[in-house]
Amino acid sequence: MRSEGNNGLIIFARRPVLGKVKTRLAATLGDEKALDIYKRLLIHTRNISENCVGKGFAFLTEKDEENFWNGFSCYPQNGQSLGDRMYDAFSLLFTKGYEHCIIIGSDCPGLTIEIIDDAFDALHVNDMVIGAAKDGGYYLLGMNKLYPTLFKNKNWSTENVYKETLADIETLGLSFKTMPILNDVDEEKDVPKDWL
């Protein structure tokens, strides 16, 4: 990783287990193909995260026995809802002294080093940064201090999460920058054609 200063990058990922990842994808492509695609997504996410201007922290649903995240600080995801787990991860990094913190998932093939670096740059002049996913959620969220409201009263994994989060940001009176709209891989139609 390049010099990260006070930049902390949170990566949310699942352990790649057959039948437990990308279930909507598996519904049409089968468990084996869904697992293969998720492994490619993990490799992509790790590679860009290794080279961005932030210290990487992998928050995992299960312990990784294969050292896939070697070089990253690894922690379990803690909390019932996705909002609880994200709040816990941000809270940990701010407690560690990081001043600019960003969270990404592990299912966005269009995410690049440049987008992450631009998002960190944006946090030097804005309170927040957010990148919308085409499905109505977001693939990236960044902030300079913890705002608990952003993680409460959301129907996670629905098409309204981005709009509801943006409304919270505006209600709090925070400055923000939006990043390019990207596609998350949830269903077969979302998979890059050369991956099929």
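Two strands count as paired when DSSP finds at least two bridges between them. The views below come from a predicted model.

**View 1. Strand β2 pairs with β1 and with β3.** Strand β1, residues 7-13, runs parallel to β2 and is joined to β2 by 6 bridges. One of the residues in this pairing is Leu-9, whose bridge partner in β2 is Gly-56. Strand β3, residues 73-76, also runs parallel to β2, and 4 bridges join the two. Here Leu-60 has Pro-76 of β3 as its bridge partner.

**View 2. Strand β2 is covered on both faces.** The strand spans residues 55-60, and 6 of its 6 residues are buried. Lys-55, Phe-57 and Phe-59 lie on one side. Gly-56, Ala-58 and Leu-60 lie on the other, and these too are buried.

**View 3. The largest nonpolar core has 37 residues.** Ile-102, Leu-111 and Leu-140 have the most contacts inside this core. Elements that give two or more residues to the core include the strands β1, β2, β4 (100-104), β6 (138-143) and β7 (176-182). The helices α1 (23-29), α2 (31-50) and α4 (113-122) do so as well. Of the elements, α2 gives the most, with 7 residues.

**View 4. Surroundings of Ile-102.** Neighbours within four places in sequence are left aside in this view. Among the residues in contact with Ile-102 are Gly-8, Leu-9 and Ile-10. Others include Phe-90, Ile-116, Ala-119, Phe-120, Leu-123 and Val-129. Leu-140, Leu-141 and Gly-142 are also in contact with Ile-102. A second core, separate from the largest one, has 27 residues, including Phe-94, Ile-130, Leu-150 and Leu-174.

**View 5. Asp-186 forms salt bridges with Lys-22 and with Arg-24.** The side chains of Asp-186 and Lys-22 meet at 3.8 Å, N to O. Lys-22 is in the loop between β1 and α1 and Asp-186 is in the segment after β7, so this salt bridge ties together parts that lie 164 residues apart in sequence. Both Asp-186 and Lys-22 are buried. The side chains of Arg-24 and Asp-186 meet at 3.6 Å, N to O. This pair also links distant parts of the chain, with Arg-24 in helix α1 and Asp-186 in the segment after β7, 162 residues apart. Arg-24 is partly exposed, at 47% relative accessibility, whereas Asp-186 has a relative accessible area of 13% and is buried. Lys-22, Arg-24 and Asp-186 belong to a network of salt bridges that also includes Asp-107 and Glu-187.

**View 6. Lys-189 and Asp-190 form a salt bridge.** Their side chains meet at 3.2 Å, N to O. Lys-189 is exposed, with a relative accessible area of 62%. Asp-190 is buried, at 10%. In the whole structure, the search finds 8 salt bridges.

**View 7. Cysteines without disulfides.** A search of the whole structure finds 0 disulfides. For Cys-74, the closest cysteine sulfur is that of Cys-52, 15 Å away, which is too far for a bond. Cys-74 is partly exposed, at 40% relative accessibility. The sulfur of Cys-101 also has that of Cys-52 as its closest cysteine sulfur, at 12 Å, and this too is too far for a bond. Cys-101 is buried, at 0% relative accessibility.

Conventions: Residues numbered from 1 in each chain as written. Predicted model: local features only at pLDDT ≥ 70, side-chain atom pairs only at ≥ 80, totals over all residues. Heavy atoms only, no water. Buried < 20%, exposed > 50% of the residue type's maximum accessible area, 1.4 Å probe, protein only. Core = buried A, V, L, I, M, F, W, Y, C linked by side-chain atoms within 4.5 Å. Contact = heavy atoms within 4.5 Å. Salt bridge = Lys/Arg side-chain N within 4 Å of Asp/Glu carboxyl O. Disulfide = S-S within 2.5 Å.
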